[in-house]
Amino acid sequence: MNPGPDSLLIRGAHVLTLDDADHEWPNADIVIEDGRIAAVGPTAGAAWPRPFARTIEGRGLLAMPGLINAHFHSPGNLMKGALPGYPLEIFMLHEVPPLAPTGSAGRLAYVRTMIGALEMLRRGVTAVHDDAYHVPVASVESIDAIMQAYADAGIRATVAIDQPNIVEYEKYPYLAELLPEAERRAMDAAPRQSTAELLALYGHLIARWHGAENGRLAAAVSCSAPQRVTDDYFAGLSALSKRHDLPFNIHILETKLQRVLGREKFGKSLVRHVHDLGFLDERMMVIHAIWIDDADIALLAAARCTVAHNPVCNLRLGSGVMPYGKLRAAGVPICLGSDEMNTDDSVNLWFVAKTAALLHTLATPDYRAWPQPAEILAALTRGGARAMRRTDSLGRLAVGCHADLALLDLDTVSFTPLNDLRRQLVHCEDGSSVRATIVAGRVVYEQGRVTAVDETALRAEMRELMAAGRTQQQSAAREAARLEPYYRAMVLKAAAQDVGMNRWLS
Ligand SMILES: [Zn+2]
């Protein structure tokens, strides 16, 4: 009898399914056929009627669902460690100066995306939800470069086009008055894409890539944030999300300044603003949700949104602490993300998990309400699956689900001695115990290397591309430094306002 198509047996591993019944076996098999889990349990391999194309001996290994990075911006992959500590608005100015001569060729976008994908695969991340922005404007070439990189790397990816389309100073409170006339006029003239242009690019993304690679690649929509797009584009994106059942990426109330902006520009909270426009729904993944109040939480819960929590990024930018306990108590599903490489400086979801588990102990002395390892693991897996509209097929090891797994060595410092597996996954592991990563039944990382890519050559090419772009980077840095005093005045003015809440320690 011939082996099943691309069949793989993981034999005799410690299996943590994170499924509905939270099955865990110290010695069990996982049968994979055609990219999906065909059987799992103590005798699954022996009972299987067909031979296997490949068998992995699981003794000493933990098999668990691959981690899902629920929020990420791959275009930041070039900027690991590049910026000092800045609040979001100053950080964004330096990341993408609005008047700087920028532009990324297709090859750069490809290599940049690939570098991040490889780092994730090495640490057992099997899926990423990428809110990819394009500088200065999105194009078919830049979209295809990002998607092709994910296709080639072997990771599962759901990707949006994050493209603000209003004038820079209109995204913020006070900035229009703070800027000199000449700077305002220059911002008016900066390239922006129309609703029709951007929706046409979404048409391309969906037609060419949604469902590609046997369903491994998918499209999402993104407005970046409600204050960064025109109302007609926002409406177009909401309609697109509903028509194709696509996740909708939206950053809401990441900073205190955005709380002030909502009041100044719309006379209400930005959550309420999106709700009143009729766009708040269960497809929305609300990113950050830090400066939200109780009424906002009730709206998010009623609309069945998912919230993406990015605690390392929030600390890096001094954004504040998300009211995790209140969101959980309201029944809002939570997923975890690294956010981008210049706000986490690594794409290490294990650090994100540990930070999430620790940070919210500061919210209440009632230790019974502190995040537990099981819920952090659920946020890392099923939470991300929900945000990607993949609840039925991702985030757990169960028959019929996509075979996306991480295999971890239990004979490492993280798990020796082994006292409590879940707690040690959250509090001890840093990704270094990952021995293999499997996506859609394919082993994409093993024996210390990503199988589909020559990583050494890729890193060398990355260094060359960075060196070639040095003049452009220096010019962008000068542009950001010139504008920074106006942005600083804006940030400090917003920080001094009373918004009826505090999400900082002070
Ligand atoms: Zn983000």
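Author: Accessible areas here come from the Shrake-Rupley method with a 1.4 Å probe, and for residues only the protein chains shown count as cover. By that method the protein chain exposes about 19,100 Å², and carbon and sulfur atoms supply 53% of this area. Before your questions, some ground rules: this is a predicted model, in which local features need pLDDT of at least 70, side-chain atom pairs count only at pLDDT 80 or more, and totals for chains, interfaces and linings use all residues. Residues are numbered from 1 along each chain as its sequence is written, and side-chain values use heavy atoms, with hydrogens and water left out.

Reader: How many helices and strands are in the protein chain, and what makes the chain as compact as a globular protein of its length?

Author: The chain has 18 helices and 18 strands, which are DSSP runs (H or I, at least four residues, for helices; E, at least two, for strands) numbered from the N terminus. As for compactness, the radius of gyration is taken over C-alpha atoms, and the globule rule is 2.2 Å times the number of residues to the power 0.38. For 506 residues the rule gives 23 Å and the chain has a radius of 23 Å, so it is as compact as a globular protein of that length. Along its principal axes, the C-alpha trace spans about 75 × 55 × 45 Å.

Reader: Why is Leu253 called buried?

Author: The label depends on relative accessible area: buried means under 20%, exposed over 50%, and partly exposed in between (1.4 Å probe, protein chains only). Leu253 has 0%, so it counts as buried. In the chain, buried residues make up 60% of the 506.

Reader: And why does Ala47 count as exposed, and Glu213 as partly exposed?

Author: Ala47, in the loop between strand S3 (36–41) and strand S4 (54–57), has 60% relative accessibility, so it counts as exposed. Glu213, placed in helix H7, has a relative accessible area of 42%, which makes it partly exposed.

Reader: What makes phi notable in Glu213 and Leu253?

Author: Most residues other than glycine have a negative phi. Glu213 has a positive phi near 55° and is not a glycine. Leu253 is not a glycine either, and its phi is positive at about 50°; this residue is found in the loop between strand S11 (248–252) and helix H9 (256–266). Glycines take positive values too: Gly211, just after helix H6, has a phi of about 90°, and Gly154, just after helix H3, has about 95°.

Reader: Which peptide bonds are cis?

Author: The bond from Val135 to Pro136 is cis, with omega near -5°. Another cis bond joins Thr416 and Pro417, with omega about -5°. Most peptide bonds are trans. Pro136 is in the loop between strand S7 (125–132) and H3, while Pro417 is in the loop between strand S15 (405–409) and helix H16 (421–427).

Reader: How do you know that the span of H3 agrees with what is expected?

Author: The expected span of a helix is 1.5 Å times one less than its number of residues. For the 14 residues of H3 that gives 20 Å, and the end C-alpha atoms are 20 Å apart, so the two agree. Helix H6 (residues 195–209), with 15 residues, reaches 21 Å, close to the 21 Å expected.

Reader: What do the buried residues of H6 pack against?

Author: Those residues include Leu198, Tyr202, Leu205 and Trp209. The partners of the buried set include helix H3 (140–153), strand S8 (156–161) and helix H8 (231–244); contact means heavy atoms within 4.5 Å. On the H3 side, buried residues include Ile143, Met147 and Tyr150.

Reader: Why is Ala220 called buried, and what does Ala220 touch?

Author: Its relative accessible area is 0%, so Ala220 is buried. Ala220 lies in the loop between S9 and S10 and touches residues including His129, Thr158, Tyr202 and Leu205. Thr158 is 62 residues from Ala220 in sequence, yet their C-alpha atoms are 6.2 Å apart.

Reader: And why does Gln163 count as buried?

Author: At 4% relative accessibility, Gln163 falls in that class, so it counts as buried. Gln163 sits in the loop between S8 and helix H4 (175–178). Among its contacts are Tyr133, Leu198 and Pro136, the proline of the cis bond from Val135.

Note on methods: Lists of a residue's contacts leave out its neighbours within four places in sequence.
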